[in-house]
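Morning, everyone. I have one structure to walk through today. Please bring it up on your screens.

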Amino acid sequence: MMMEGKRLESIWYDRELDVVKIIDQNLLPHELRIAELKNLSDACHAITTMQVRGAPLIGITAAYGLYLSLKEDPRQQQLAIKKLLDTRPTAVNLRWALDKMQQSLSGIESELLAEKALETACLLKEEDSVICEAIGESGLPILQALWRQKKGYQDCINILTHCNAGALAAVDWGTALSVIYKTAEAGVPIHVWVDETRPRNQGASLTCWELSQAGIPNTLIVDNAGGHLMQLGQVDVCVVGSDRTTLGGDVCNKIGTYLKALAAAANNIPFYAALPISTIDSSMVTGIGSIPIEERSADEISYVYGVDQEGNRSKVRITEERTRIKNYGFDITPAQLITGIITEKGVFEANEISLRGALD
Ligand code: MRU
């Protein structure tokens with residue numbers, strides 16, 4: 001995507017320097033800074049501290065992390081995989097990417113392992129971009145059809161999204177936002193309601209930023225505003241991403257997604273999840289009780305981060321120090337609340353029969 005006038009992806013390999021480059025997402029929207037990953041520890045740190053985040057991007061970073069580790073020591077493949085898998089528990093793309101890496105490294109001689117790992121990681125990265133673009137193309141007819149219904153009554157279609165499922169969450173295009181980018185490109189007038197997505201504020205700091213970079217009209221709302229807007233008829237469709245989707249069609253995504261799906265169902269508003277097939281976990285049918293839900297530091301809730309009036313980075317505590325806090329990162333939206341699952345292979349119903357078809 002175009003970011004501050006430059007064509008950038010969220011991650012790439014710099015052959016000249018032999019390092020992996022990423023956009024440090026913790027600094028956005030105030031600063032667009034490129035960071036370098038030089039070894040396994042840098043890659044693990046980037047994932048755990050959320051310099052990179054979003055299911056597809058976590059997977060690609062892990063793939064490059066394995067290369068960086070094998071370059072240091074080709075004997076540490078299993079240890080490196082374990083360390084990478086331990087960085088974040090919920091997004092299944094991490095395991096998917098490392099499985100792909102392991103398959104491609106099987107039978108390769110020790111001195112060629114790093115080279116092969118780099119080749120495979122670069123391939124997965126290129127594929128991710130193509131897949132995400134295809135997700136957008138699969139979703140486009142849904143929004144075009146919606147526009148045909150609304151045209152004449154409204155001057156645009158209003159889409160609500162949660163968290164950041166955009167180019168920043170993948171290599172390029174994103175998942176939910178890919179559908180939005182393709183719809184805008186096709187000339188459909190759109191406006192996006194962006195949930196701020198407490199506590200990390202991926203909506204406020206990332207989604208609004210990348211939509212504005214692409215020239216797409218967007219408005220930031222607090223996480224609790226969606227239901228109200230739906231009652232007022234100001235939301236035509238919800239499109240979100242997913243960190244893990246079960247074979248039965250349950251969608252695990254950023255905390256708060258479930259409440260939006262409940263409100264959408266109560267107001268008869270279609271609710272779609274857009275995701276690459278690699279996000280479907282074929283080892284489980286039901287999400288609740290099976291998908292590990294990441295719990296993150298209490299500091300994410302007790303502090304807010306931003307820039308002060310002078311533009312300096314600032315961290316402010318908004319709770320008493322003794323306040324008890326639970327910080328769940330994700331929740332599960334049951335399949336019956338999902339209108340459809342938009343993938344690179346087309347749109348599927350959120351049920352086992354349909355999703356088995358997607359995996360074939
Ligand atoms: O905790 P994050 O920022 O990694 O969570 C990201 C999300 O929940 C996204 O919506 C999800 O990964 C879908 S991504 C394309």
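I'll begin with a loop. Pro 29 lies between strand E4 (19-23) and strand E5 (34-37), in the loop that joins them. Keep in mind that this is a predicted model. The peptide bond into that proline, from Leu 28 to Pro 29, is cis. Its omega is near 5°.

There is another cis bond to look at. This one runs from Arg 198 to Pro 199, with omega near 5°. Where is Pro 199 found? In the loop between strand E7 (190-195) and helix H7 (202-213).

One more backbone point. Glu 4 is a residue other than glycine, yet its phi is positive, near 45°. Glu 4 belongs to the loop between strand E1 (2-3) and strand E2 (6-7).

Now the ligand. Where does the ligand sit? In the largest cavity. Two elements each give two or more residues to the shell around it: helix H2 (55-72) and strand E11 (251-254).

Next, the domains. Domain 1 covers 2-126, and domain 2 covers 135-359. Both give residues to the shell, so the ligand lies between them.

What is the shell made of, by class? There are 7 nonpolar residues, 7 polar residues and 4 charged residues. That shell has 18 residues around the ligand. Which of them come nearest? Arg 53, Arg 88, Gln 202, Asp 243 and Lys 254.

Let's take distances for three of those side chains. Start with Gln 202. An N or O atom in the Gln 202 side chain is 2.8 Å from an oxygen atom of the ligand. Gln 202 is also where helix H7 (202-213) begins. Go on to Asp 243. Here, an N or O atom of the side chain is 2.9 Å from a ligand oxygen. Then Lys 254. A polar atom of the Lys 254 side chain lies 2.7 Å from an oxygen atom of the ligand.

Last, the cover. On its own, the ligand has 410 Å² of accessible area. How much of that does the protein cover? The protein covers 100%.

That's my tour. Over to you.

Conventions. Residues are numbered from 1 along each chain as its sequence is written. This is a predicted model: local features need pLDDT of at least 70, side-chain atom pairs count only at pLDDT 80 or more; totals for chains, interfaces and linings use all residues. Side-chain values use heavy atoms; hydrogens and water are left out. A residue is near a molecule or strand if one of its heavy atoms lies within 4 Å of it. A polar contact is a pair of N or O atoms within 3.5 Å; within protein, one must be able to donate a hydrogen and the other to accept it, and residues adjacent in sequence count only if both atoms are side-chain atoms. Accessible areas come from the Shrake-Rupley method with a 1.4 Å probe; for residues, only the protein chains shown count as cover. On a 1 Å grid over the protein atoms alone, a cavity is a set of points where a 1.4 Å probe fits but cannot get out, and a pocket is an open set with protein on both sides within 12 Å along at least five of seven lines; lining residues have an atom within 4 Å of a point. A molecule sits in a cavity or pocket if more than half of its atoms lie within 2 Å of its grid points. Helices (H or I, at least four residues) and strands (E, at least two) are DSSP runs, numbered from the N terminus. Ala, Val, Leu, Ile, Met, Phe, Trp, Tyr, Cys and Pro count as nonpolar, Asp, Glu, Lys and Arg as charged, and the others, Gly among them, as polar. Domain bounds come from an automatic or database domain assignment.
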